[in-house]
Amino acid sequence: MAPWRKHEFTHKLPGEHVYNGILFFGFSPPDTLRAVRDFTVREDDVFIATYPKAGTTWMQEIIWLIMHDGDFKGASETPVYFRSPFLEFKDEILNEVGLELANPMSSPRVIKTHLPYSMIPRHLQQHSCKTVVVFRNPKDLCVSYYHFYKSSSSMGNFQGSWEEFFEMFMTGHVDHGSWFDYTKSWWEVKDNPNVKVTFYEDMKRDLRKEVVELCSFLGKPLSNEIIDDIVRHCGFESMRRNPMTNHEDVYSINKEISPLMRKGTVGDWKNYFTVAQNELADYFYRRHLGDTGLQFTYEL
Ligand code: A3P
């Protein structure tokens with residue numbers, strides 16, 4: 001065990017397993033991860049690639065509305081997780097099975113994945129459909145993930161301390177593995193013209209600007225009025241109140257412990273990180289991503 005670590009990790013994710021050297025929860029079983037590699041993409045699919053807690057749901061709602069010309073009626077009728085399938089997810093209780101939702105879905109499909117680049121569908125790596133990557137600074141993301149680990153039964157309702165979770169996160173001992181490896185894998189393809197890298201913090205800073213850029217990247221010129229409506233609809237308070245986006249009907253998330261729409265801010269990490277943890281996080285960042293030129297915003 002590394003000298004800085006104080007905890008033996010005892011928490012088990014329900015059905016956890018290691019695939020390609022990466023830890024996964026039971027809702028991404030090996031047969032699903034294998035099948036994802038063979039998934040057939042379509043020219044007009046849009047993929048959203050994020051590490052968990054980077055603002056995936058936020059981007060799903062935005063892109064679904066862009067790709068459907070601001071169909072707010074459609075968005076009010078079906079939860080976002082059924083409109084925008086989570087490709088490598090298989091929850092038979094909720095009847096949310098990503099591949100089964102995606103395969104028969106009419107185009108344009110907006111598909112979510114938390115997989116590193118090496119594990120996405122082979123066909124997507126060869127194809128020219130678009131992928132939007134959302135990155136979020138790892139300190140806020142870690143805090144968000146900690147709360148999700150506590151509130152979600154799919155994560156085994158983590159009972160340990162913040163300190164222990166911080167160590168788990170830094171060492172990649174969490175569902176979908178190391179944030180550092182994940183981030184590196186997608187950053188390496190940032191120059192692919194079909195890949196657009198976006199940042200949670202930029203969306204917080206100026207959501208309208210990001211929506212306009214997304215419309216242009218996705219080849220969907222929308223009126224100023226529809227863009228304004230999307231920006232309003234996708235504000236944090238609006239999504240927190242909206243039963244189609246707030247996940248309050250999802251049996252596995254105990255909102256009394258922590259709702260999915262928790263705080264939606266930049267800089268909450270300061271309420272959790274000790275000085276030593278902050279230094280360690282910066283050290284890990286330098287070690288893993290220091291030579292990439294990728295920089296994050298930690299406060300607005
Ligand atoms: P916090 O836990 O920091 O509040 P994901 O969808 O990838 O699981 O990410 C969830 C995180 O995104 C949560 O972060 C959630 O509050 C935040 N989020 C979701 N919708 C948002 C919005 N419209 N504006 C800002 N943050 C949002």
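Reader: What makes α2 stand out in the shell around the ligand?

Author: α2 supplies the largest share of that shell, three residues. It runs over 56-67, and it's called a helix because helices are DSSP runs of H or I with at least four residues, numbered from the N terminus (strands are E runs of at least two). Keep in mind that this is a predicted model, where local features need pLDDT of at least 70, side-chain atom pairs count only at pLDDT 80 or more, and totals for chains, interfaces and linings use all residues. Residues are numbered from 1 along each chain as its sequence is written, and side-chain values use heavy atoms, with hydrogens and water left out.

Reader: How do you know which residues surround the ligand?

Author: A residue is near a molecule if one of its heavy atoms lies within 4 Å of it. 18 residues surround the ligand, and Lys53, Thr56, Thr57, Ser144 and Lys263 are the closest.

Reader: Why is the pair between Lys53 and the ligand called a polar contact?

Author: A polar contact is a pair of N or O atoms within 3.5 Å (within protein, one must be able to donate a hydrogen and the other to accept it, and residues adjacent in sequence count only if both atoms are side-chain atoms). A ligand oxygen is 2.6 Å from an N or O atom in the Lys53 side chain, so the pair fits. For the Arg262 side chain, the distance from a ligand oxygen is 2.8 Å.

Reader: What makes the largest cavity a cavity?

Author: Take a 1 Å grid over the protein atoms alone: a cavity is a set of points where a 1.4 Å probe fits but cannot get out, while a pocket is an open set with protein on both sides within 12 Å along at least five of seven lines. Lining residues have an atom within 4 Å of a point. The largest cavity has a volume of about 760 Å³, and it's the space taken by the ligand.

Reader: And what lines the largest cavity?

Author: 47 residues do, with Lys53, Thr57, Phe148, His247 and Leu260 nearest its centre. α7 gives the most, five residues.

Reader: How many charged residues line the second largest cavity?

Author: None: the lining has six nonpolar, five polar and no charged residues. Asp, Glu, Lys and Arg count as charged, Ala, Val, Leu, Ile, Met, Phe, Trp, Tyr, Cys and Pro as nonpolar, and the others, Gly among them, as polar. Tyr117 and Trp186 are among the lining residues, so both go in the nonpolar group.

Conventions
Sits in = over half its atoms within 2 Å of the grid points. Points joined across faces, edges and corners; volume = space filled by probe spheres on them.
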